[in-house]
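Me: I would like a close look at one part of this protein. Start with a single side chain, then work through the helices that pack together and the unusual backbone spots. Keep it brisk.

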Amino acid sequence: MKLLLKEDVAVIVLDVRMPDMDGFETAQFIRQHKRSKDTPIIFLTGVNSEQEVLEGYSLGAVDYILKPIPPKILQAKVAVFVELYRKTQQVKRQAELLVESDRKRLAAELESREELARTNVELERANADLEQFAYVASHDLQEPLRTVAGFARLLTDSYRDRLDDEANGFIEFIVDGVARMEALIQGLLAYSRLKTEDKDPEPVDIETVVGLVSTDLRAAIDAAEAVVTHGRLPTVIGDPIQLTELFQNLVSNAIKFRRLDPLRVHVSVSREDDEWTFSVQDNGIGIDPKDAERIFEIFQRLHPRDVYAGTGIGLAVCRLIVERHGGRVWVESEAGKGSTFRFTLPAHAGSRNPHAPDPAAAHEETDAAA
Ligand code: ADP
C-alpha cells in the first residue's frame, strides 16, 4: 500500500483472503487513491467461490485467477498488463510531446508576428521620414529654382541680341529644364501633401466633378479635337478636391496619350453590391499589359520625355487618392487598342444609383457631351 502511494504500477495481483485486511477491502482502499484508482487488479481466488469472483468484479477487478495458480497463466496475464501499461505510457508521452511541439510552434508563430509588427513600425517610420523628406525637399528646392528661372529669363530678355544662336539655344535648354523641374516639384508636393492631408469626407457629385474637369481641360480638349462624354454618374462620399484631381489626371492622360485619329473619352460607372466601378475609357495609344502595374508607381513612364511630356507622378497620385477613398485602381488595355482605367469607390447606402429604374429615361444611355 505504501508503494502504491509513491509509484505507478502496471498491475496488482491480490489475494482475496488475507489475514488482517481482505483483498476486497484492500481493493477499495486502492481505488480511493488517485494514483492507483485505475490500476488493473487481478484477484487470486479459491475454487467454487463464484460469489468472490462477482464481488471482485464489482470492485473493479479486471481479471481473476483460480487457485492453485498455474505459473504460466499468471506470467502470461501479468505480461499482458505490463505491456498494456507500457503502451499507455508511450501514448501519454507522445501526447505530451505533441502538446509541447504545439506550444513551441505557437511560441515561434507569436515571435514571428512580433517580428513582423516591429518591421511594420520601422517601415512606417521610414515611410514617414521619406514623406517628410519629399515635402521639405520639394519645398526648399522651389526657392533656388525660382532664382535659376528668374536669371534665365533676364538673360533672354536683356542679352538675346548680344548672344549668338548657340548661347540662346543653351538658355532655352535651361528654361526647359527649369520648367520640367517645376513640374516635378509640383507633382512631388501634391503627392506628399496627399499623404498627410486628412479632411472629413463629404458627398461629392461625380457628374459635377467630370463637368468641372472638362471645363478645366477645355483648351486641351479643343486642341486635340477630342469628345469627352459621360453616362449618369453617382454621388460618392469623399474629398471633392482629390476626386477632381483623380478625374483630371485620368482625362488629361487620355488626351496626352492619344493617337492621330479623333479622340473619344468616355466616363461611365457600374455598381455591384456596395461598390461603384468607374471607368475612363479612351481610344488612344494603349498600354502593353506587362506595364499595367508599373505605371501606377511614382516616376514610372513608358515613353521618352520628348515624345510625351510628363513627370510620371499623375497615376501614382491617382492610386493614392483611390486607396485613401477605400478603392482599387487598375488599367485594362492592349497596345494600340486604347485604354480603360477603372477604379472602385465604396457605394454608401442611399447614394444615387444611376442604374435604378428611371421613369423619365428608362434604360436609355444618357450620354452627355461634357
Ligand atoms: P505622366 O503622364 O506624367 O507620364 P502618369 O503617372 O500619369 O505620368 O502616367 C504614367 C505612364 O502611364 C505614362 O507615362 C504613360 O506611359 C502611361 N499612360 C497613362 N495614361 C495613359 C493612357 N490613357 N493611355 C496610354 N498610356 C497611358
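What is the relative accessible area of F299? And which residues of α6 and α8 meet?

Reply: This is a predicted model. The relative accessible area of F299 is 43%, so the residue is partly exposed. That value falls between the 20% limit for buried and the 50% limit for exposed. F299 sits in the loop that links β8 (275-282) to α9 (314-324). Its backbone is notable too. Phi is near 70° at F299, a positive value in a residue that is not glycine.

A second residue has this feature. E225 is not glycine, yet its phi is positive, near 50°. This one belongs to the loop between α7 (218-223) and β5 (227-230). E225 counts as exposed because its relative accessibility is 65%, and the limit is 50%.

One more backbone point concerns a proline. The K67 to P68 peptide bond is cis, with omega near -5°. P68 lies in the loop between β3 (63-66) and α4 (71-159).

Now the helices. Two packed helices are described by the angle between their axes and the distance between the axes. Take α6 (residues 206-216) and α8 (residues 240-256). Their axes come within 9 Å and cross at roughly 50°. That angle is neither under 35 degrees nor in the 65 to 115 range, and the two helices are therefore oblique to each other. The crossing of α6 past α8 is right-handed. On the α6 side, the residues that meet α8 are I206, V209, V210, V213 and D216. On the α8 side, they are L243, T244, F247, Q248 and V251. By class, this contact has seven nonpolar residues, two polar and one charged.

G211 also lies in α6. G211 is partly exposed, because its relative accessible area is 27%. Its C-alpha is 28 Å from that of I185, and the two residues are 26 places apart in sequence.

Helix α8 has another partner, α9. Here the axes come within 9 Å and cross at roughly 145°. The crossing of α8 past α9 is left-handed. From α8, the contact uses Q242, L243, E245, L246, N249, L250 and N253. From α9, it uses G314, L315, V317, C318, I321 and V322. Eight of the residues in the contact of α8 with α9 are nonpolar, four are polar and one is charged. L243 appears in the contact with α9, and L243 also meets α6.

Q242 deserves a separate look. This residue is placed in helix α8. Its relative accessibility is 6%, so Q242 counts as buried. Leaving out residues up to four places away in sequence, Q242 touches L194, E197, I321 and H325. One of these, I321, belongs to the α9 side of the helix contact. Q242 and K34 are 208 residues apart in sequence, and their C-alpha atoms are 73 Å apart in space.

Last, confidence. The chain averages a pLDDT of 86, and 94% of the residues score at least 70. Residues 357-370 have a pLDDT below 50. That stretch still has 19 contacts in the model beyond near neighbours in sequence. Where pLDDT is low, the predicted coordinates should not be read in detail.

Key. Residues are numbered from 1 along each chain as its sequence is written. This is a predicted model: local features need pLDDT of at least 70, side-chain atom pairs count only at pLDDT 80 or more; totals for chains, interfaces and linings use all residues. Side-chain values use heavy atoms; hydrogens and water are left out. pLDDT is the predictor's confidence in each residue, from 0 to 100. Contact means heavy atoms within 4.5 Å. Helices (H or I, at least four residues) and strands (E, at least two) are DSSP runs, numbered from the N terminus. Buried means under 20% relative accessible area, exposed over 50%, partly exposed in between (1.4 Å probe, protein chains only). Axes are lines fitted to C-alpha atoms, for helices over the stretch in contact, and angles run from 0 to 180 degrees between N-to-C directions. Angles under 35 degrees count as roughly parallel, over 145 as roughly antiparallel, 65 to 115 as roughly perpendicular and the rest as oblique. A crossing is left-handed if the near helix is turned anticlockwise from the far one by less than a right angle, and right-handed if clockwise. Ala, Val, Leu, Ile, Met, Phe, Trp, Tyr, Cys and Pro count as nonpolar, Asp, Glu, Lys and Arg as charged, and the others, Gly among them, as polar.
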